[in-house]
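Work through the exercises below with the sequence and the model side by side. Try each task before reading its solution.

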Amino acid sequence: DGLETGTLAPDDLMLPGTKALLNNLANRNLMLYLASGTDLIFVRREVELLGLKPYFEDRIYGALEQHENFSKAMVIQNMLKTQTINGSELLGFGDGYVEIENVKNVGGTTVGVASDEVRREGINAWKRDRLIEVGADLIIPEYREQEILISYLCD
């Protein structure tokens, strides 16, 4: 509601450095996908309000009423097939164990985002432990150091 009425700015609702990260990835000509466990209709609206649609275009996925037709693993398999890449070429960011586990299962590299969503800085220890448990390759608190991170991952 705050975004729609203009009482909140998109940056108020994103982790610091989010747009810089997306710009950095897009400028490297990486194909960006967004997969969320939230209902697709809400994910699309949120992406639109946050001004993030240009980064993902039609590659935005979310939960469906027919739950058997959506999973993050299905999105990954579709991505590998349509982009004709193998799993080792996949780079995944996520704060949940499902997406980290799914990307790791196909041989991809994962960045676990163990953010403290209340303070919008620092590590949430519970998230960190869960992400490490499922095999996250790196753990970060937010995207403030995204230039160093992407240089490390891509260069």
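Two strands pair if DSSP finds at least two bridges between them. Helices (H or I, at least four residues) and strands (E, at least two) are DSSP runs, numbered from the N terminus. The model is a predicted one: local features need pLDDT of at least 70, side-chain atom pairs count only at pLDDT 80 or more, and totals for chains, interfaces and linings use all residues. Residues are numbered from 1 along each chain as its sequence is written, and side-chain values use heavy atoms, with hydrogens and water left out.

**Exercise 1. The sheet**

Work out in which order the strands of the open sheet lie, and which strands stand at the edges.

Solution.
- Step 1: The open sheet is formed by 3 strands in the order 3-4-5, with parallel pairing.
- Step 2: Strand 3 (91-94) and strand 5 (138-140) each have a single partner strand, so one side of each has no neighbour in the sheet and these two are the edges.
- Step 3: From one strand to the next, the twist averages 20 degrees (angles run from 0 to 180 degrees between N-to-C directions, and axes are lines fitted to C-alpha atoms, for helices over the stretch in contact).

**Exercise 2. Bridge partners**

Find how many bridges join strand 3 to strand 4, and which residue stands opposite Leu91.

Solution.
- Step 1: Strand 4 covers residues 109-113 and runs parallel to strand 3, to which 4 bridges join it.
- Step 2: Opposite Leu91 stands Thr109 of strand 4.
- Step 3: Gly94 has Gly112 in strand 4 as its bridge partner.
- Step 4: Of the 5 residues in strand 4, 4 are buried, so the strand is mostly covered (buried means under 20% relative accessible area, exposed over 50%, partly exposed in between, with a 1.4 Å probe and protein chains only).

**Exercise 3. Helices on the sheet**

State which strands helix 6 and helix 8 lie across.

Solution.
- Step 1: Helix 6 (residues 97-105) lies across strand 3 and strand 4, and its direction makes about 170 degrees with strand 4.
- Step 2: Helix 8 (residues 146-154) lies across strand 3, strand 4 and strand 5, at about 170 degrees to strand 5.

**Exercise 4. A pair of helices**

Describe how helix 5 packs against helix 6.

Solution.
- Step 1: Two packed helices are described by the angle between their axes and the distance between the axes.
- Step 2: For helix 5 (residues 72-82) and helix 6, the angle is about 35 degrees and the axes are 9 Å apart.
- Step 3: The crossing of helix 5 and helix 6 is right-handed (the near helix is turned clockwise from the far one by less than a right angle; anticlockwise would be left-handed).
- Step 4: Helix 5 makes the contact with Lys72, Ala73 and Ile76, and helix 6 with Val98, Glu99, Asn102 and Val103 (contact means heavy atoms within 4.5 Å).
- Step 5: These residues divide into 4 nonpolar, 1 polar and 2 charged (Ala, Val, Leu, Ile, Met, Phe, Trp, Tyr, Cys and Pro count as nonpolar, Asp, Glu, Lys and Arg as charged, and the others, Gly among them, as polar).

**Exercise 5. Salt bridges**

Count the salt bridges in the structure, then say where the partners Asp137 and Lys104 lie.

Solution.
- Step 1: There are 10 salt bridges (a side-chain nitrogen of Lys or Arg within 4 Å of a carboxyl oxygen of Asp or Glu).
- Step 2: One of them joins the side chains of Asp137 and Lys104 at 2.8 Å, N to O.
- Step 3: Asp137 is in the loop between helix 7 (125-133) and strand 5, while Lys104 is in helix 6, so the pair links distant parts of the chain, 33 residues apart.
- Step 4: Asp137 is partly exposed at 38% relative accessibility, and Lys104 is partly exposed at 28%.

**Exercise 6. Buried or exposed?**

For the salt bridges Arg119 to Asp116 and Lys127 to Glu117, decide which partner is buried and which is exposed.

Solution.
- Step 1: Arg119 and Asp116 meet at 3.0 Å, N to O.
- Step 2: Arg119 has a relative accessible area of 51% and is therefore exposed, whereas Asp116, with 17%, is buried.
- Step 3: Lys127 and Glu117 meet at 2.6 Å, N to O.
- Step 4: Lys127 lies in helix 7 and Glu117 in the loop between strand 4 and helix 7, so their salt bridge ties together parts 10 residues apart in sequence.
- Step 5: Lys127 is buried at 10%, and Glu117 is exposed at 51%.
- Step 6: Asp95, Glu117 and Lys127 are linked in a network of salt bridges.
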